[in-house]
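Trainee: Please take a close look at a single part of this model, a network of salt bridges, and set out in detail how its members are placed.

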Amino acid sequence: MPDSFGVLGLGRPDGQVYAALVTAPQSTAVELALTCGLTLQQSQDALDRLSEQGMATRAPVDRERYLAVAPDVAIGTLIGHREAQLRSARAEMHRLMDAFREASRYTDPAHTVEVLTGGEAIAQRLEHLVDTSQYQVRGFDCPPYVMDPVAQQPRQLAKLKAGVRIRTVFDKEAIAWPGRLESEILVGVQDGEEARVRPVLPMKMMMSDDRMAIIPISVGDSVLDAAYVIHPSALLQALDALFEAEWERAVPLQTVIGGGDGGPGPDADHLKLLGLLAAGLTDESIARSLGWSARTTQRRLQALMRELGATTRFQAGMAARERGWI
């Protein structure tokens, strides 16, 4: 165990003394020096450093004796400090790599596209993308997923600092994912995220400002443990244009979050139905999205269409627009 303390930034004498103190509480500096094969001065210096770091404390009665702070607290604090240092170093590495690519892209086009492999590397880069965004994050969200999207709480976009605009276009199957609309997507909309829906999206993607895009690599219905990172280039400009085109064609999701001025209008269930219908979801997808049975979905659809005086979904959409419901 003492050798492993070096990884956490704790020198060998200090680690030796702490480990000895754990097994022999209320030891003196002399006793610890004998146990660890140190001089008295080395033992006392180690105890002073351990006390400063919150890993050891003097005994309440005999102040010449020492007690070890519980390992889960003492070592946990060391691990926390080292993790913070590693996060800072990783962020600085990414910042320098961004600067390196920016300086190199005019002489070496290979630096405009990067391939990441491994879930941890992709997760770290996504976190870097979000943390360093200055004014906007844009994304396409669609299946397939490596992990259940409902289980990934909180969403990375929710971590953005105030003032960063967040826009997401969801595939209709992403909206229909069981439990996701209520527990995650609408929560993000209420917090200020702008969301729209398209029946089908060309890919999954996340973009930061106009400087970086990350595209998970998919093959058919499977997602590989790899992703493309696109840096400033003609390709990134094309992805920018693609997002804006899909955003313009997409249906706003605002209609599914309820609200209103309290006057005559649809109830909350009808608002959700209208939003999902406008997004192009099928009856089956609507039922999954809202957690309703097929029979309940059919009944509420029929009630909505009767209220609108419509016999088709198209007529229902037109009537809802005329009334200002969507």
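Mentor: E244 is partly exposed, with a relative accessible area of 25% (buried means under 20%, exposed over 50% and partly exposed in between, with a 1.4 Å probe and protein chains only). Salt bridges with shared partners join E244, R138, R167 and D240 into one network; such a bridge is a side-chain nitrogen of Lys or Arg within 4 Å of a carboxyl oxygen of Asp or Glu. The model is predicted, so local features need pLDDT of at least 70 and side-chain atom pairs count only at pLDDT 80 or more, whereas totals for chains, interfaces and linings use all residues. Residues are numbered from 1 along each chain as its sequence is written, and side-chain values use heavy atoms, with hydrogens and water left out.

Within the network, R138 and E244 form a salt bridge with an N to O distance of 2.8 Å. Because R138 belongs to strand 5 (residues 136–141) and E244 to helix 8 (residues 234–249), this pair ties together parts that are 106 residues apart in sequence. Helices (H or I, at least four residues) and strands (E, at least two) are DSSP runs, numbered from the N terminus. R138 is buried, at 1% relative accessible area, while its partner E244 is partly exposed.

The whole structure holds 15 salt bridges. Another of them pairs R211 with D209 at 3.8 Å, N to O, and D209 is buried at 3% relative accessibility. As for confidence, the mean pLDDT of the protein is 79, and 82% of its residues reach 70 or more; pLDDT is the predictor's confidence in each residue, from 0 to 100.
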